[in-house]
Amino acid sequence: MPRSKNRPSKPSLAFRGKPARPRWGPESEHLLLYGVHAVEAALANPARPIGRVLATESAARRLEAPLRARGAKAELVLPRQLDRLVGADAVHQGVVLETAPLPPIAIDEVEAEGILLVLDQVTDPQNVGAALRSAAAFGAAGLVMPARHSPPLAGALAKAASGALDVVPVILVGNLAQALSELGKRGFWRVGLAEEGSEALETATLTLPLALVLGAEGKGLRQLTRETCDRLCHISTKGPLASLNVSNAAAIALHWASKTSRPR
C-alpha cells in the first residue's frame, strides 16, 4: 500500500547516535523541560524563551496548536534519542524543550496579597514540583525558595509541576530568613508548619496576605526560619503514620488556607 504524501515514512531526525549538545547560549543558562504539560505551559508563557522543541511524531501532533500559536516548529526525533538527552528514567512523554530561565523576580516585587508558599531547603525536585502544582491548583500568588539548596527549575521538577512552573511565579532568594522578615514588614502573616507546632492549622485564624512556610522532610524548618515565623502550626492527623510528605502537607495547607483565610 503506498504511503500518504502528507505523512513522512519516518521522522526527520534532529540528531543521530549521541544526542546533540543543546544550541542555547552558555551551558549555565540553558535548561531542558520535558513532558507534554510542562512544554505546553512553557509555550503558552510569553515570558518563557523558546529554543528547539524536540518531539516524537505523536507528541508533535498533540502540541500542534500551542506550537503554531508560539510560531515554533518541532524537530521530529525518536523516543530513544530523547532518552539519551534527558535520561532513560525521565518520563519525557515524547517531547523536550530547550529553554532558558524565566526573568528573576525579587521579593519586593511580590504584591502584598493572597497566599505565598515558602519552602525551606526542600531539595527533592519531585516534592518541589508537586508543591508547585498544588500552589497553582489553589491559586497561590507565588513560591519562595532559597536560591541555594533548592533543585533546578527544569527537568524532573517541571515534569512533576505539570505546567505550574510557567503559571506560578517562583521567587529565589539569597537569605530565606531575611526574605521572611521583608514579607512580615509588608504585612504577611507568616505561618510555619511543624509537627511540634502549638496550634492545629485547622483551628488557627489565618489572615491575608499569608505566607505558609514548610521545611524539608527530616530536618523540618531551620531554627532561624522558625524564629522568623509569626506562628508555628501542625496539621492534625490520625493513625499510626502521623508525619506527612512535604508536598502532601503543602497541598493540605494550601487547600485549607485558600478556603478559610480572610483579609485583616
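Colleague: Why is the arrangement of S1, S4, S2 and S3 called an open sheet with two edges?

Modeller: In this predicted model, four strands follow the order S1-S4-S2-S3 with mixed pairing, and they form an open sheet. Strand S1 (31-34) and strand S3 (74-76) each have a single partner strand, so one side of each is left without a neighbour in the sheet, and these two stand at the edges. From one strand to the next, the twist averages 25°.

Colleague: How do you know that strand S2 and strand S4 pair, and in which sense do they run?

Modeller: Two strands count as paired if DSSP finds at least two bridges between them, and strand S2 (residues 53-55) and strand S4 (residues 95-99) have three bridges, in the antiparallel sense. One can look for Val53, whose bridge partner in S4 is Leu97. Helix H4 (residues 79-86) packs on this sheet, where it touches S1, S2 and S4, and its direction makes about 45° with that of S4.

Colleague: What makes S7 and S9 the edge strands of the sheet of seven strands?

Modeller: That open sheet has the order S7-S6-S5-S11-S8-S12-S9, with parallel pairing, and S7 and strand S9 (199-200) are its edge strands since each pairs on one side only. Within the sheet, strand S8 (residues 189-193) and strand S12 (residues 231-234) are joined in the parallel sense over three bridges, with Leu193 having Cys233 in S12 as its bridge partner. Helix H9 (residues 246-260) lies across strand S5 (115-120) and strand S11 (210-215), and runs at about 165° to S11.

Colleague: How do you know that S6 and S7 pair, and what is the hand of the crossover between them?

Modeller: Set against the requirement of at least two bridges, strand S6 (residues 142-146) and strand S7 (residues 170-173) have four, in the parallel sense, and Met145 stands opposite Leu172 in S7. The chain passes from S6 through helix H6 (residues 155-161) to S7, and this β-α-β crossover is right-handed. The term right-handed applies because, with the strands pointing away from the viewer, the path from the first strand over the helix to the second runs clockwise.

Colleague: What makes a space count as a cavity here, and which residues line the largest cavity?

Modeller: A cavity is a set of points where a 1.4 Å probe fits but cannot get out, and the count comes to one cavity of 30 Å³ or more. The largest cavity, with a volume of about 30 Å³, is lined by Leu33, Ala38, Ala158, Gly163, Ala164, Leu165 and Asp166. By class, this lining has five nonpolar residues, one polar and one charged.

Terms used: Residues numbered from 1 in each chain as written. Predicted model: local features only at pLDDT ≥ 70, side-chain atom pairs only at ≥ 80, totals over all residues. Heavy atoms only, no water. 1 Å grid on protein atoms, 1.4 Å probe; cavity = no way out; pocket = protein on both sides within 12 Å on 5 of 7 lines; lining within 4 Å. Points joined across faces, edges and corners; volume = space filled by probe spheres on them. Nonpolar A, V, L, I, M, F, W, Y, C, P; charged D, E, K, R; others polar. Contact = heavy atoms within 4.5 Å. Axes fitted to C-alpha atoms, helices over the stretch in contact; angles between N-to-C directions.
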